[in-house]
Amino acid sequence: MTIRELKEMIQAKMKTEDPDFGFFQPPTEVTQSRWLLPLSRTLESFIIDNNTTLDYKSIKRPLTVLFADDTQKKFNVDLTLRVTDIVSDIGERLGLKSAESFSLCRYRENGGHWRAPEWFVSMKPLHLQNFHDDILVFSERYHAQVDTFDPMQVHLFYVQCTKVILEEMCPCDRETAVKLCSWQAVASFGPSNASSIDPSLIVKSYQKDKKIY
């Protein structure tokens with residue numbers, strides 16, 4: 001019997017036709033958790049017998065995704081897909097021209113500080129990577145050339161860089177910090193010169209330091 005035939009038999013008994021349902025085998029002592037796909041394969045090819053427990057459930061579920069600008073969105077994702085395919089799907093819904101440099105990760109808090117991100121393996125599905133109900137982070141992992149004609153990619157890259165510097169996950173020296181702050185000031189307030197800068201915009205401890213403006 002094929003997986004498709006088993007599915008049709010169950011749907012006939014339940015009097016339902018839901019294309020998004022499938023068979024999921026929980027992990028055992030000898031096998032990892034898995035979805036029984038493709039539907040054309042037989043039960044015998046999966047070494048399924050009368051003592052095997054299978055869950056008949058939806059292959060899709062809501063996934064909460066956090067972005068670098070601290071916004072959260074929920075996406076209904078196909079859990080049978082590899083992480084790279086889920087990322088591409090999310091990128092398409094966001095309007096990204098390309099999501100090749102992005103991936104999914106999660107952060108763990110350690111003593112009030114965020115540790116380095118734990119990246120999911122791109123070529124594996126989430127259920128093989130100890131995923132439960134975590135809030136996942138959609139973040140740039142491979143720092144390729146940013147497409148400056150893609151406003152969403154520029155925005156996500158900018159806020160991610162700002163976040164990792166301010167949270168000291170990516171320390172920088174004083175000179176670099178001054179340059180980054182000056183670019184931020186230009187982006188926020190427009191071009192200016194030293195004589196017209198409002199000192200109140202600068203932290204008090206640095207207001208007398210003329211080297212920074």
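These legends accompany close-up views of a predicted model.

**View 1. The stacked pair of Phe102 and Phe138.** Among the seven aromatic pairs of the structure is that of Phe102 and Phe138, whose ring centres lie 5.0 Å apart with the planes at 10°, so the pair is stacked, given that planes under 30 degrees apart count as such. Phe102 belongs to strand E6 (residues 102-106) and Phe138 to strand E10 (residues 136-140), so the pair ties together parts that are 36 residues apart in sequence. Both partners are buried, Phe102 with a relative accessible area of 5% and Phe138 with 2%. Together with Phe67 and Phe75, these two residues form one aromatic cluster.

**View 2. The largest nonpolar core.** This core has 24 residues, of which Leu63, Phe67, Ile90, Leu104, Leu126 and Phe138 touch the most other members. Strand E4 (60-66), strand E5 (72-78), helix H2 (83-94), E6 and E10 each supply at least two of its residues, and the largest share, five residues, comes from H2. When residues up to four places away in sequence are not counted, Leu126 touches Leu63, Val83, Ile86, Phe120, Phe131 and Leu136. Apart from the largest core lies another core, of seven residues, including Ile3, Leu36, Phe46 and Ile48. As a general background to such views, nonpolar side chains tend to be buried together in soluble globular proteins.

**View 3. Strand E4 and its pairing with E5 and E10.** Strands E4 and E5 run antiparallel and are joined by seven bridges, whereas E4 and E10 pair in the parallel sense over two bridges. Leu66 can be followed in both pairings, since this residue stands opposite Gln72 in E5 and opposite Val137 in E10. The hairpin of E4 and E5 has five residues between the strands, and in this hairpin Asp70 takes a positive phi near 70°.

**View 4. Basic side chains over the rings of Phe46 and Phe24.** Arg41 lies over the face of Phe46, at 3.8 Å from the ring centre, and Phe46 is also one of the members of the core of seven residues. In a similar arrangement, Lys57 lies over the face of Phe24, where the distance from the ring centre is 4.3 Å.

Notes
Residues are numbered from 1 along each chain as its sequence is written. This is a predicted model: local features need pLDDT of at least 70, side-chain atom pairs count only at pLDDT 80 or more; totals for chains, interfaces and linings use all residues. Side-chain values use heavy atoms; hydrogens and water are left out. Rings of Phe, Tyr and Trp (its six-membered ring) pair if their centres lie within 6.5 Å; planes under 30 degrees apart count as stacked, over 60 as edge-to-face and the rest as tilted. Helices (H or I, at least four residues) and strands (E, at least two) are DSSP runs, numbered from the N terminus. Buried means under 20% relative accessible area, exposed over 50%, partly exposed in between (1.4 Å probe, protein chains only). A charge sits over a ring if NZ of Lys or CZ of Arg is within 6 Å of the ring centre and within 35 degrees of the ring normal. A nonpolar core is a set of buried Ala, Val, Leu, Ile, Met, Phe, Trp, Tyr and Cys residues joined through side-chain atoms within 4.5 Å. Contact means heavy atoms within 4.5 Å. Two strands pair if DSSP finds at least two bridges between them.
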